[in-house]
Amino acid sequence: MTEPELLKERMEQLIHNLWWTWHPEAIDVWRNIDPKLWRESRHNPSVFLKKLGHERLAELAKDPSVRITIHRVFSELNRYLTCSNTWGCKNSGPLAARPVVYFCAEFGLHESIPLYSGGLGILSGDHLKSASDLGIPMIGVSLFYREGYFHQVISESGEQIEEYEQLNPEDLPLVRVTDKDGQPLNISLPIQGETVQIGAWTVNLGRVTLYFLDMESAVDKIGIQELGLRLYGGDESVRLSQEIILGIGGMRLLLALGIKPGVIHLNEGHCAFATLEYTRYIMEKHGLSFEDAKNQARSRTIFTTHTPVPAGHDCFTSHLIGHTLWQYQKAFGLNHEQFMDLGRIRPGDRGELFCMSVLGLKIASKSNAVSFIHGKVSRHMWQELWPSRSPQEVPIGHITNGINVLGWLSPIMKKLFHQYFPPGWEQRIGEESIWSHIHSIPDEELWNVILLLKTQLLEFLPRIPHRAHPQDINFDPHALTIGFARRFTDYKRPTLLLDDFERITKLISDPKRPVQFVFSGKAHPKDELGRQLIKKVNQFAANPKVYGKVVFIEDYNINVGRHLVQGVDLWLNTPRQGREACGTSGMKVSLNGGLNLSILDGWWPEGYTGSNGFAIGSSRNEDVSVRDPKDREAAFQALEEEVIPLYYDQNEEGVPIHWVRRVKQAMSTLGWRFSSDRMVMDYVTHCYLPAAGILTCQMNSPFI
Ligand SMILES: *Cc1c(COP(=O)(O)O)cnc(C)c1O
């Protein structure tokens, strides 16, 4: 093999294992070859390699430094893949025979693979990345959407416009799943009385494999174009069909591939049909009744619920369920009402819809919420399902979400950790003791890294892609920079502070202690209130009184998120208390030297110690017209009396010593605890091993 051929092959091998998505040093291989081309390829390495062309490759092959870098990263990947000394080898060995299969409607892996909408997808992506890092036998299952989730453009008047990109699986590092003869593997599936063929794509994510079901030929057969197109798009009938393909199709695919699930993890309700399909498989294989087979499938199933907001739970009418799923009802030996009862809180109540989350809760042997407080909220919310129990006795525990540290940690901060942390710290991210080494970093040194990260964010802002209406940006790298980026929706109150125009403009235009704001976020296309909030923020940013000091970055995605969480000083979070399940963006900020200012909701009551960030005391008043002004007052008070004075209390060298101390507190107390390594270890110990029938010591279980 010639040197250019070898180089190309190595690059392709690197691209085809998505390990690079959470190892920025691997991404640097491509970026450093041609930063402009990398940007033009929209950070998609497959497209980048194609555009690079044969001649450029031949040239690069002559460059020893390029060759050395690629071979080095390549051998790092190989070392990673062959390491047999993982936490999983020691602690989840028995799962090797039958892996955990992890179902989710979206996976957020990288900005070049837009098959995610937000928090749920990022979480499931980080879950798989940490499962790979820890060496847990796991397989992910999801759907391939031809248009993914939309791109957001902001119009001249500040409104959100949705644009859809045609995704071509050939342009992504996905490989078609084939049978033993090398032919595309198809599974057949009855939907709405038609039998459709479903294909699949696969990709490796470190040591973990992920499958995406391809709905293309089903679309042709049943003639519903929308079916294969968009994540969370289409009407109820489209959603139900997508969920049948995800759950039932996904389980059929695994079984066709000879994969026997040891544990079925249903991440949110969309995929809950998977356990029903596994039930049918057991019925057929062992000649069992539906009830007996369901109990077997149930013992292997874990369900995670992610939203305390009622509208976030998919529900379907009796008519639609009957029309779409009648063949499955027959296969189970259930009549229509018996089947409907699987998704009803009150069996026999014909007025009640079929709810996917109810199915999840009923069909799993263990269910969990995603933070301590969300556990409490969920137990109240679903108490009716266990009418003889008090809310405290409702069997829904919690495992608090986390983030993949290596994926969200900026390379500059990582370099600092390398200097002050013991060797091998990357393999021990979920351990508290590792993070105490933060305190050995000199204050000035940490502050310089924080300033550098902020400068990088400021350099990124003007590069924001194709805005219809260009913004003026006049940011000061020394000013307190506040970030707010998340889905725009009413309960998250993105304009809580902006609604007091006088008070906020006073803070922004303060000559001595100014603050500046970066906003970003999409609204679900059907969320009218969310859309209005986007418009409001953009109109505020256009006001001459705050000229250049308030920026809205369009098209919030993993790339925008990465720049924001790594570059801001303060992360603002203002949901109505009790509505946020967990939230993970604030965790990413704390890793990179930023602080949180948040309502005590979601993860923050667990994270906040009193000295590692700031809390906004919130009102419990049911009436939002009372509650919102009270919370606004509390948020302003925290900003004016705590945050701003602390930030601007700087020594002669310009270092805000007490601020930096707080940052160190944040990193050392939050870094390990809110890592997805800790989260996956909790799932293994408290859910996966018991569900696979393996007894463990459950001391200090977060489960109730
Ligand atoms: C982390 C992240 C989220 C989820 O964070 P929240 O705090 O739940 O909003 C959503 N979108 C992107 C792009 C992210 O990086």
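A crossing of two helices is left-handed if the near helix is turned anticlockwise from the far one by less than a right angle. The views below come from a predicted model.

**View 1. Helix H19 crosses helix H22.** H19 spans residues 443-460 and H22 spans residues 558-567. Their axes come within 8 Å and cross at roughly 145 degrees. The crossing in which H19 passes H22 is left-handed. H19 contributes Leu-453, Lys-454, Leu-457 and Phe-460 to the contact. On the H22 side, the contact is made by Asn-559, Val-560, His-563, Leu-564, Gln-566 and Gly-567. Sorted by class, the contact has 5 nonpolar, 4 polar and 1 charged residues.

**View 2. Residues around the ligand.** Gly-118, Gly-119 and Ile-122 are among the residues around the ligand, as are Trp-408 and Arg-486. The list also includes Tyr-556, Asn-557 and Ile-558, together with Gly-583, Thr-584, Ser-585 and Lys-588.

**View 3. Polar contacts of Thr-584, Ser-585 and Lys-588 with ligand oxygen atoms.** For Thr-584, a backbone N or O atom lies 3.1 Å from an oxygen atom of the ligand. For Ser-585, an N or O atom in the side chain is 2.5 Å from a ligand oxygen atom. A polar atom in the side chain of Lys-588 lies 2.6 Å from an oxygen atom of the ligand.

**View 4. Domain arrangement.** The protein is divided into domain 1 (3-82), domain 2 (93-151 + 161-319 + 355-365) and domain 3 (450-657). Taken over C-alpha atoms, the centres of domain 1 and domain 3 are separated by 36 Å.

Methods. Residues are numbered from 1 along each chain as its sequence is written. This is a predicted model: local features need pLDDT of at least 70, side-chain atom pairs count only at pLDDT 80 or more; totals for chains, interfaces and linings use all residues. Side-chain values use heavy atoms; hydrogens and water are left out. Axes are lines fitted to C-alpha atoms, for helices over the stretch in contact, and angles run from 0 to 180 degrees between N-to-C directions. Helices (H or I, at least four residues) and strands (E, at least two) are DSSP runs, numbered from the N terminus. Contact means heavy atoms within 4.5 Å. Ala, Val, Leu, Ile, Met, Phe, Trp, Tyr, Cys and Pro count as nonpolar, Asp, Glu, Lys and Arg as charged, and the others, Gly among them, as polar. Domain bounds come from an automatic or database domain assignment. A residue is near a molecule or strand if one of its heavy atoms lies within 4 Å of it. A polar contact is a pair of N or O atoms within 3.5 Å; within protein, one must be able to donate a hydrogen and the other to accept it, and residues adjacent in sequence count only if both atoms are side-chain atoms.
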